Protein chains: 4
Amino acid sequence: MLRYYTAGESHGKELTAILEGIPAGLRLSEEDINKELIRRQGYFGRGERMRNIEKDRVIITAGVRHGETIGSPICLVIENKDWHPELSEPPLTRPRPGHADLAGIIKYQRKDIRDILERASARETAGRVAIGAVCKKMLSEFNIKIVSYTSEIGGIKAEWRNMNVEKIFLLAETSPVRTIDREAEKLMLKKIKEAEKKGDTLGGIFTVIAHNLPVGLGSYAQWDLRLDGQLAQALMSIPGVKGVEIGAGFSLSKKFGSQVHDEIFYSADRGFYRKTNNAGGLEGGVSNGEDIVLNAVMKPVSSLKRPLRSVDIKTKKAVLAEVVRADICVVPVAGVIGEAMVALEIGKAVREKFGGDSLEEMRKNFLEFRQFLLR
Amino acid sequence: MLRYYTAGESHGKELTAILEGIPAGLRLSEEDINKELIRRQGYFGRGERMRNIEKDRVIITAGVRHGETIGSPICLVIENKDWHPELSEPPLTRPRPGHADLAGIIKYQRKDIRDILERASARETAGRVAIGAVCKKMLSEFNIKIVSYTSEIGGIKAEWRNMNVEKIFLLAETSPVRTIDREAEKLMLKKIKEAEKKGDTLGGIFTVIAHNLPVGLGSYAQWDLRLDGQLAQALMSIPGVKGVEIGAGFSLSKKFGSQVHDEIFYSADRGFYRKTNNAGGLEGGVSNGEDIVLNAVMKPVSSLKRPLRSVDIKTKKAVLAEVVRADICVVPVAGVIGEAMVALEIGKAVREKFGGDSLEEMRKNFLEFRQFLLR
Amino acid sequence: MLRYYTAGESHGKELTAILEGIPAGLRLSEEDINKELIRRQGYFGRGERMRNIEKDRVIITAGVRHGETIGSPICLVIENKDWHPELSEPPLTRPRPGHADLAGIIKYQRKDIRDILERASARETAGRVAIGAVCKKMLSEFNIKIVSYTSEIGGIKAEWRNMNVEKIFLLAETSPVRTIDREAEKLMLKKIKEAEKKGDTLGGIFTVIAHNLPVGLGSYAQWDLRLDGQLAQALMSIPGVKGVEIGAGFSLSKKFGSQVHDEIFYSADRGFYRKTNNAGGLEGGVSNGEDIVLNAVMKPVSSLKRPLRSVDIKTKKAVLAEVVRADICVVPVAGVIGEAMVALEIGKAVREKFGGDSLEEMRKNFLEFRQFLLR
Amino acid sequence: MLRYYTAGESHGKELTAILEGIPAGLRLSEEDINKELIRRQGYFGRGERMRNIEKDRVIITAGVRHGETIGSPICLVIENKDWHPELSEPPLTRPRPGHADLAGIIKYQRKDIRDILERASARETAGRVAIGAVCKKMLSEFNIKIVSYTSEIGGIKAEWRNMNVEKIFLLAETSPVRTIDREAEKLMLKKIKEAEKKGDTLGGIFTVIAHNLPVGLGSYAQWDLRLDGQLAQALMSIPGVKGVEIGAGFSLSKKFGSQVHDEIFYSADRGFYRKTNNAGGLEGGVSNGEDIVLNAVMKPVSSLKRPLRSVDIKTKKAVLAEVVRADICVVPVAGVIGEAMVALEIGKAVREKFGGDSLEEMRKNFLEFRQFLLR
């Protein structure tokens with residue numbers, strides 16, 4: 001069983017993430033994780049704070065000895081570089097529309113909106129990316145790859161031209177907005193600059209692809225065992241995400257069945273395969289061996305330089321919302337977080353199906369099952 | 001804690017659903033549940049089997065005494081009217097694209113596709129609707145209402161004209177396709193007939209609305225406590241659903257932040273409120289008191305009268321997929337199932353926040369919190 | 001992941017148990033389960049109701065097709081033979097000491113103690129025995145055996161004379177009190193008759209042994225993953241159990257470390273082994289390959305023919321407790337329930353370690369790990 | 001929902017514990033936690049390392065702002081004072097009987113026993129005590145107190161003379177072996193010195209008492225909801241614990257029912273009450289308002305100065321087990337850990353029953369239910 005939890009406030013001392021269930025014997029270094037943390041920072045559209053603060057660095061405080069996992073819970077810590085002992089500041093009392101500010105203040109009966117935004121912050125996702133990196137490392141031992149790219153920003157769509165995951169990774173990693181279409185990239189950059197100028201923000205869509213998966217992850221046997229549902233929860237739980245679709249997703253509402261279901265073929269070397277992938281790799285809540293393809297929409301950043309109308313929680317008077325330094329467009333970053341969440345859920349499903357407490361045991365079980373497929 | 005599980009095969013003896021965590025003292029009759037089961041059956045676009053078989057009827061086998069819940073697990077049974085002792089039939093070996101058939105056969109190492117489709121069947125959702133009905137009954141004690149309607153079929157969109165949930169319910173319940181727009185209804189019916197004639201199927205979108213919710217359900221404190229993620233999983237777990245969005249959803253990829261975030265207002269009688277609801281009632285993964293609005297897309301039914309290409313799992317020869325009697329378009333029904341899943345998840349969140357083992361205790365806690373809001 | 005839940009009231013229509021996570025391909029008949037249900041009934045010391053009613057019979061309503069599991073949830077139903085539609089009876093208002101009666105009435109705010117005792121009843125354990133039988137069948141495929149015997153009743157101890165599990169099973173099954181020591185048996189029977197004459201009840205201790213387990217079930221990595229804790233919860237959850245010990249258990253409080261720790265030996269054919277088993281097969285919360293040995297103490301039955309002092313919940317007047325027909329001593333039966341709970345928890349641990357969705361896949365993984373041990 | 005997890009190795013950089021579900025608005029300082037950590041250290045019978053190293057100190061890294069909880073996960077860190085970067089040491093290969101060493105090496109396929117003992121170590125319990133301290137603080141807001149004492153060491157029993165929890169606390173805290181009987185104390189100290197002289201170790205029994213609990217925590221409705229089972233798991237999960245009993249526990253095997261069940265009384269000012277407490281505060285798995293009384297037996301420490309026989313995992317030759325500096329008797333400390341585990345589980349049950357996201361909301365719900373009891 002793979003379990004994962006994070007703790008930590010945006011301006012607290014540090015972020016902490018615990019990941020349990022990674023088999024013993026996986027080579028793991030802080031560098032494996034740092035490279036994912038770096039991918040989470042520094043893209044175009046990020047605000048001043050994100051661009052300027054020193055890069056995040058992880059410390060592995062538990063679960064690894066001499067560069068290898070030992071089967072114990074892995075604990076990762078990311079220090080907040082701008083942390084300092086708590087000051088006595090006047091409370092923030094003007095909730096920002098689009099944030100948890102107002103709902104959080106009421107739920108937890110607090111008086112300072114900082115008590116809410118410190119946790120209900122995208123900063124929290126750094127912990128997820130860190131443990132997601134560990135899962136990715138584990139999955140790479142089974143040749144499973146997870147990539148992502150920006151497929152839309154502010155109405156500008158990137159076109160996908162039948163490229164494989166290596167190509168997608170390469171193009172996205174070398175794009176300032178993590179997209180795979182150089183024409184769209186230019187228009188996206190322009191659009192972001194336009195938003196910045198207006199003190200406004202933008203949203204968009206990112207795509208996550210899990211490649212080279214075994215058939216049979218997830219199950220239709222019980223509602224909460226379906227991999228489609230688990231992936232939907234994982235992506236929807238990313239702050240700002242307001243929609244998730246699998247494969248052809250919402251476009252399926254316009255089509256006939258004969259146009260969308262992926263016909264089944266077989267060849268001696270490939271086994272069963274498809275020529276299309278409208279199902280996005282999931283049929284009946286179970287992986288079918290094709291790439292799992294997920295889109296998620298991220299709303300425009302909720303913290304605006306030109307604030308929206310709000311109400312002071314203390315005085316109940318109409319005011320403008322608090323202005324907190326923030327980003328203009330985080331869709332490129334969201335893709336990286338999406339990869340982490342998908343890696344964690346696929347990792348969970350792989351652990352569930354193949355068992356094993358050491359990487360060696362798990363690998364044997366995995367290969368044994370692959371043998372089945374060829375019979 | 002509210003937990004729920006179902007069991008049962010499509011042509012097995014019966015379907016069973018267990019729902020745990022409903023407080024003691026809730027009036028509950030089989031009729032409360034049957035009326036939801038009836039809503040799940042008999043809409044336009046359903047195939048022969050669904051239209052003709054006797055209506056589903058629930059038996060409450062546990063958790064209720066003298067018409068009231070007693071705090072013990074509630075067990076609901078729905079007999080399959082066409083069940084008969086198992087026959088010795090030749091195995092089905094030609095997997096249907098779009099179904100779990102192929103992935104299931106490989107995962108569970110079976111030889112007869114019936115072993116898969118018997119559980120990976122929409123029939124399973126009857127159990128969900130039954131326990132969802134119990135949750136709805138509980139939520140109605142807190143004046144929480146959950147409704148749904150068909151918002152799109154085969155590319156035909158229904159227009160929503162600022163109507164309240166009572167109106168939506170009324171219109172949907174009196175429409176053969178459960179939609180709220182009489183013009184769209186005609187076109188949808190026409191489209192379904194067209195599909196039927198071609199031996200084809202259609203998908204679409206349904207909308208679920210949860211009304212009159214308290215602020216503060218769900219939490220941003222941990223990724224898996226967010227109500228948005230929980231609802232996404234619940235809806236995505238419905239067989240055939242390939243996408244879920246909250247509020248303005250995927251349209252947010254085209255907008256500026258200033259256009260989409262719901263500004264905050266206050267009046268002495270209403271407390272905090274919004275004039276728009278692009279967030280769909282959820283900010284930071286927490287209910288903000290506005291209606292929770294969810295869209296889910298359902299793919300066209302995967303069982304086609306004119307079968308798609310497939311491969312025989314035994315001979316590995318190219319064949320046409322099995323033809324199983326099925327529906328043409330199940331979007332209207334999917335809305336009813338969606339209501340059940342949303343009721344179950346909202347019910348879970350309400351239990352979590354307000355605690356209590358009897359309805360009376362729960363209600364006191366609920367009202368006490370409502371008092372908070374007015375301070 | 002193996003999960004299990006039961007529902008059903010003592011005099012309700014039927015008991016239901018759902019077991020999820022059993023691999024596909026396990027041969028399973030109702031007879032496999034009925035034979036365990038019979039073992040749960042009819043021992044000496046059981047009261048009139050238990051002795052006279054027709055024997056329990058299970059109906060498998062889900063998860064099995066043509067005599068084999070298919071990977072879907074298994075649902076088992078046991079009808080209550082003396083069920084009839086609800087009568088309008090005066091409420092029971094005099095709680096019995098030792099039962100959940102009083103705490104339950106307050107917790108769930110009920111007025112009739114029947115609303116409590118109908119679920120807080122040993123009858124509920126029939127469902128556990130049924131699903132435990134399925135787990136036992138699965139474990140038998142890995143040559144894992146689970147047996148039990150009565151080790152003490154009313155102060156009379158049975159002596160264990162270094163016998164193997166087959167012998168234990170044989171002796172216990174042919175003893176009216178399920179014990180393995182014929183001398184003690186006589187004294188136990190005498191003691192029970194003495195209690196019966198006095199309108200009194202007796203408790204005792206039962207022992208459960210899990211034999212032929214692989215090394216490595218459970219984990220010290222997190223508090224709730226330890227198999228010792230899981231087994232303790234499982235046994236303590238049996239109605240009436242007030243204590244659980246592993247191996248030498250409470251006697252360890254009197255010994256020096258040098259007297260109790262099981263020294264480690266090795267031989268080419270047996271691998272690592274022990275000559276003693278004070279640890280009861282568990283070190284650091286992990287199975288060490290030796291027999292897991294558990295004792296649990298069951299208090300004397302709480303329903304007495306000569307009732308104890310109580311208070312009427314309505315009038316608050318001092319009264320005598322309700323008299324409900326019941327058993328004199330259920331320790332022999334408790335052992336059978338204990339076997340079921342241990343089978344379920346060991347089954348869960350085996351699923352967790354070896355994964356696999358079909359019995360064949362699971363077995364391969366299991367054997368592969370056994371190979372490890374010989375290196 | 002209250003959840004808790006720990007991570008960290010014995011000689012790693014630090015121990016981490018995450019506690020989720022504590023309501024907002026609880027005053028909490030590091031001192032609240034440190035005082036419990038100090039109680040875990042420095043009793044008689046602890047070995048050199050434990051006596052000499054600097055005292056444990058907690059750092060609250062998340063979940064608290066300006067001295068109050070905010071509803072977010074609480075993260076606690078305890079640095080290991082003797083940590084240093086990893087050295088290249090020869091592997092430990094001689095497993096110690098009584099420890100997880102051998103089972104762990106096989107389960108996780110490791111070559112150095114340090115990979116096992118670093119986590120399967122009593123050091124891990126420092127994290128549990130830290131989060132247990134937070135739960136205790138929360139419970140103290142409801143006047144719930146949890147205390148413990150040593151009731152037996154090496155066969156020397158402490159006599160309990162009808163004293164209240166304040167007196168128990170006072171006596172135990174001022175005793176070098178945390179017992180409440182000054183005569184037994186002398187004999188226990190003597191016994192420990194005797195064991196030390198022989199290079200041997202001792203075990204014993206500790207008692208944990210939870211006082212002033214509301215009726216109705218836990219439930220008989222499902223096997224895993226019973227509070228008795230949850231507490232049994234929690235205590236059995238403490239390294240070295242081999243048995244748990246509730247109230248009269250194992251002595252019940254020798255008694256008649258009429259002797260053991262706690263008769264029910266009522267008075268206007270006290271409500272329902274008992275004059276005896278053989279049930280140890282739990283009937284039917286539910287708290288009945290009397291003190292919850294739990295005994296747990298701890299085996300003698302497994303690391304002996306005069307090592308036992310073992311087998312080298314590499315050479316398979318007979319050897320003596322590794323000698324690791326350790327304690328002689330940890331029963332006094334185990335009581336403190338037991339308090340923490342009981343606090344966590346009672347805290348979980350209180351959260352479950354009373355809900356609430358702020359301490360104020362929770363308290364109102366709690367008081368409201370107490371009102372019920374007086375009707």
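The legends below accompany close-up views of a predicted model.

**View 1. Confidence of the predicted model and the conventions used throughout.** Chain A averages a pLDDT of 94, and 96% of its residues score at least 70, pLDDT being the predictor's confidence in each residue on a scale from 0 to 100. The model as a whole scores ipTM 0.97 and pTM 0.97. Where pLDDT is low, the predicted coordinates should not be read in detail. Residues are numbered from 1 along each chain as its sequence is written, while chains are lettered from A and ligands numbered from 1 in the order in which they are written. In this predicted model local features need pLDDT of at least 70 and side-chain atom pairs count only at pLDDT 80 or more, whereas totals for chains, interfaces and linings use all residues, and side-chain values use heavy atoms, with hydrogens and water left out.

**View 2. The axis relating chain C and chain D.** Chain C is superposed on chain D by a rotation of 180 degrees with 0.0 Å of shift along the axis, at an RMSD of 0.0 Å, the fit being by least squares on the C-alpha atoms of residues with pLDDT of at least 70 in both copies. This is the relation of a two-fold axis. Within chain C, Gln233(C) has the C-alpha nearest the axis, at 2.4 Å from it.

**View 3. The interface of chain C and chain D.** The contact, defined by heavy atoms within 4.5 Å, takes 108 residues from chain C and 108 residues from chain D. Because 100% of the interface residues of chain C are also interface residues in chain D, the copies meet through the same surface. Together the two chains bury about 8900 Å², of which 63% lies on carbon and sulfur atoms; buried area here is the accessible area (1.4 Å probe) that two parts lose on being put together, summed over both. Tyr220(C), Trp223(C) and Lys242(C) supply 10% of the area that chain C buries against chain D, more than any other three residues.

**View 4. Charged and polar pairs between chain C and chain D.** Four salt bridges are found across this interface, each requiring a side-chain nitrogen of Lys or Arg within 4 Å of a carboxyl oxygen of Asp or Glu. One of them joins Glu152(C) to Lys254(D), with the closest N and O atoms 2.8 Å apart. There are also 45 residue pairs in polar contact, both residues at pLDDT 80 or more; a polar contact is a pair of N or O atoms within 3.5 Å in which, within protein, one must be able to donate a hydrogen and the other to accept it, residues adjacent in sequence counting only if both atoms are side-chain atoms.

**View 5. The pairing of chain A with chain B.** A rotation of 180 degrees, with 0.0 Å of shift along its axis, superposes chain A on chain B at an RMSD of 0.0 Å. The C-alpha of Gln233(A) is the nearest to the axis in chain A, 2.4 Å away. Across this interface, Arg309(A) and Glu263(B) meet through their side chains in a salt bridge with an N to O distance of 2.8 Å.

**View 6. Cysteines without disulfides.** Zero disulfides are found over all chains, a disulfide being a pair of cysteine sulfur atoms within 2.5 Å. The sulfur of Cys75(A) lies 6.6 Å from the closest cysteine sulfur, that of Cys75(D), which is too far for a bond. Cys75(A) is buried at 0% relative accessibility, where buried means under 20% relative accessible area, exposed over 50% and partly exposed in between (1.4 Å probe, protein chains only). Cys329(C) is likewise buried, with a relative accessible area of 1%.
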